[in-house]
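Here are a few worked exercises on how the pieces of a chain fit together. Have a go at each task before reading its solution.

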Amino acid sequence: MAEHKQKKPIAPRTEMPCQPAEQRRKNFSEVALGYTAEMAKKEAARCLQCKKPLCIAGCPVEVPIKEFIGHLTKGDVAAAHRSIASTNSLPAVCGRVCPQERQCESKCVLSAKGQPVCIGRLERFVADAMLKTPPASSGKGAKGNGAKVACIGSGPASLTCAGFCAAQGLQVDVFEALHEPGGVLIYGIPAFRLPKDIVAAEIDGLKRMGVTFRLNHVGGRTIQVADLRKEYGAVFIGVGAGLPIFLGVPGENLIGVCSANEYLTRVNLGRAYDFPKFDTPVLQGRNVTVYGAGNVAMDSARTALRMGAESVHIVYRRTRDEMPARKEEIEHAEEEGVQFSLLSAPLEFCGDENARLTSVKLQKMELGEPDASGRRKPVPIEGQTWTLPTDLAIVALGTRANPILLEATPDMRRNARGYIETDEHGMTSIDGVYAGGDIVTGSATVILAMGAGRKAGQAICARLANTGK
Ligand SMILES: Cc1cc2nc3c(=O)[nH]c(=O)nc-3n(C[C@H](O)[C@H](O)[C@H](O)COP(=O)(O)OP(=O)(O)OC[C@H]3O[C@@H](n4cnc5c(N)ncnc54)[C@H](O)[C@@H]3O)c2cc1C
Ligand code: SF4
């Protein structure tokens with residue numbers, strides 16, 4: 001319930017300028033261009049500074065939203081940044097990719113009128129403004145007691161845990177399997193949504209705090225949890241859940257069918273869009289089909305357009321209302337020319353004599369009764385099939401836990417779904433070994449991974465405060 005009587009009509013949300021769709025579908029530059037200082041001030045002035053700000057309850061890391069917006073209305077961007085940074089170590093990332101419409105903005109009192117304060121856009125404005133300002137100090141945290149922490153994986157969960165521990169004066173080493181740190185922020189989410197220099201700048205901040213990054217180290221292969229535990233006071237596991245799930249239909253082995261994970265990693269991390277300057281090859285489809293309707297599917301479809309596809313179809317077995325992707329991403333994809341083949345499920349991939357994909361046979365579906373997830377279950381309409389020509393099929397159905405580290409650490413308990421079990425402090429069944437992010441929850445969000453990294457960081461700091469072990 002609103003606490004303030006609305007005498008004046010609510011001013012509409014301040015729109016964010018974007019690259020025009022016709023232009024952006026051909027480049028990898030950022031789509032949303034960010035607020036100017038005037039736009040930010042205008043949007044901040046829409047905040048009612050509620051006595052009981054409901055917005056905070058919608059934020060998994062409890063950013064003091066009312067406080068930071070209050071500073072912005074006075075034009076004090078540095079103070080606004082201090083407020084945000086008190087609980088969120090990656091604000092330039094969160095301002096871009098958090099599903100605010102389901103979190104803080106859905107709780108804002110103005111959301112009842114359909115016009116919540118644009119909290120995410122303001123967060124992004126503050127973070128970007130501070131990234132342009134050269135750091136005043138080395139960024140080193142408190143003086144510590146020499147205790148050391150190892151983080152395995154370098155996605156948002158580990159980065160947050162590392163940042164929290166380093167700020168408390170602990171020495172943190174991050175071990176990452178790939179040749180660049182950042183996890184999905186680097187290899188998954190495309191640059192047109194999250195520019196790579198933004199992630200690099202946030203990682204540089206951690207380096208200035210003394211965090212070291214040891215790349216090309218695979219937990220469970222080149223390093224083992226037990227060995228790290230002997231050397232470090234605590235170990236945090238944030239290896240994500242990057243093993244792709246496939247459709248399980250005939251023809252999935254044809255040349256031209258790949259997982260979204262592989263496709264996006266080649267394009268984003270391998271810079272395949274700049275081949276042969278960067279020597280990572282990638283399949284380039286003329287008629288691309290993408291299976292699934294989450295953020296990963298939208299990212300794959302929009303990437304395929306930018307890689308030169310003539311047509312891109314999202315194939316989804318439910319309707320637009322059930323699509324799990326952020327509304328903004330669906331709208332951006334549509335504006336750019338991505339087409340939606342809804343209520344359609346793949347039956348079979350078909351190929352030519354060289355085992356190259358040529359088309360997909362689809363089954364027409366309709367919505368039946370709600371299933372366990374509460375969403376209406378898609379059921380096939382008998383006898384109604386159709387064929388769509390395609391030479392690149394990208395499967396974006398979700399992911400599960402990668403077994404490499406888990407199988408090499410058999411004494412660490414896992415749940416029935418194969419993810420690591422932790423207690424309320426994020427500690428696993430092995431003393432001193434913590435875990436968080438997608439490897440505990442299954443595929444989730446950046447901010448939830450960060451929340452888990454922060455919780456484990458707090459527990460690790462409390463544990464190591466006295467003994468260092
Ligand atoms: C394409 C895509 C788009 C997305 N879009 C959004 C979005 O818009 N908003 C949102 O909130 N969320 C989004 N997500 C989900 C979000 O990115 C994840 O929930 C989040 O990154 C999970 O963080 P994490 O730290 O647990 O793992 P990850 O980000 O997956 O990082 C894990 C890291 O561990 C490394 N690793 C794995 N195994 C090992 C090992 N054995 N040894 C060492 N290192 C290892 C990996 O290389 C990786 O760098 C998206 C995900 C994808 C794939
Ligand atoms: S962002 Fe919304 S809920 Fe939060 S203080 Fe401002 S008006 Fe109130």
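**Exercise 1.** Find the residue that stands opposite phenylalanine 175, and place the pair in its sheet.

*Solution.* Keep in mind that we're working with a predicted model.
- Step one: phenylalanine 175 faces arginine 214, which belongs to E3.
- Step two: look at the strands. E2 (residues 171-175) and E3 run in the parallel sense and are joined by three bridges.
- Step three: zoom out to the sheet. E3-E2-E1-E4-E15 is the order of an open, five-stranded sheet with parallel pairing. E3 (212-214) and E15 (433-435) are its edges; each has a single partner strand, so one side of each lacks a neighbour in the sheet. On average, neighbouring strands here are turned by 20 degrees against each other, ignoring direction.

**Exercise 2.** Work out which strands helix H8 lies across, and how it is oriented to E2.

*Solution.*
- Step one: H8 (residues 156-167) lies across E1 (148-152), E2 and E4 (234-237).
- Step two: its direction is at about 165 degrees to E2.
- Step three: add the other helix. H17 (residues 446-464) also packs on the sheet, where it touches E1, E4 and E15. The direction of H17 makes about 175 degrees with that of E4.

**Exercise 3.** Describe how E10 and E11 are connected, then build up the sheet they belong to.

*Solution.*
- Step one: E10 (residues 344-351) pairs with E11 (residues 357-370) over seven bridges, in the antiparallel sense. Within this pairing, phenylalanine 349 sits opposite valine 360 of E11.
- Step two: the two strands make a hairpin, with five residues between them. In the turn, alanine 355 has a positive phi of about 60 degrees.
- Step three: bring in E12. The open sheet has three strands in the order E10-E11-E12, and its pairing is antiparallel. E10 and E12 (376-389) are the edge strands, each pairing on one side only. The average turn between neighbouring strands of this sheet is 20 degrees, direction ignored.

**Exercise 4.** Classify how H4 packs, taking H3 and then H7 as its partner.

*Solution.* Two numbers do the job here: packed helices are described by the angle between their axes and the distance between the axes.
- Step one: H3 (residues 65-73) packs with H4 at an angle of about 175 degrees, the axes being 7 Å apart. With 145 degrees as the cut-off to exceed, H3 is therefore roughly antiparallel to H4.
- Step two: list the contacts. On the H3 side we have Glu67, Phe68, His71 and Leu72, which meet Val77, Ala79, Ala80, Ser83 and Ile84 of H4. By class, that contact holds six nonpolar, two polar and one charged residues.
- Step three: switch partner. The axes of H4 (residues 77-85) and H7 (residues 119-131) come within 9 Å, crossing at roughly 110 degrees. That's inside the 65 to 115 window, so H4 and H7 count as roughly perpendicular. The crossing is left-handed.
- Step four: Val77, Ala80, His81 and Ile84 of H4 meet Glu123, Val126, Ala129 and Met130 of H7. Here the split is six nonpolar, one polar and one charged.

**Exercise 5.** Say how the chain is divided into domains, and how many Å separate the centres of domain 2 and domain 3.

*Solution.*
- Step one: domain 1 covers 21-131, domain 2 covers 148-242 + 401-464, and domain 3 covers 282-395.
- Step two: taken over C-alpha atoms, the centres of domain 2 and domain 3 are 33 Å apart.

Conventions
Residues numbered from 1 in each chain as written. Chains lettered and ligands numbered in written order. Predicted model: local features only at pLDDT ≥ 70, side-chain atom pairs only at ≥ 80, totals over all residues. Axes fitted to C-alpha atoms, helices over the stretch in contact; angles between N-to-C directions. Helix = DSSP H or I, 4+ residues; strand = E, 2+ residues; numbered from the N terminus. Parallel < 35°, antiparallel > 145°, perpendicular 65-115°, else oblique. Left-handed = near helix turned anticlockwise from the far one by under 90°. Contact = placed C-beta atoms within 7 Å. Nonpolar A, V, L, I, M, F, W, Y, C, P; charged D, E, K, R; others polar. Pairing = 2+ DSSP bridges. Domains from an automatic or database assignment.
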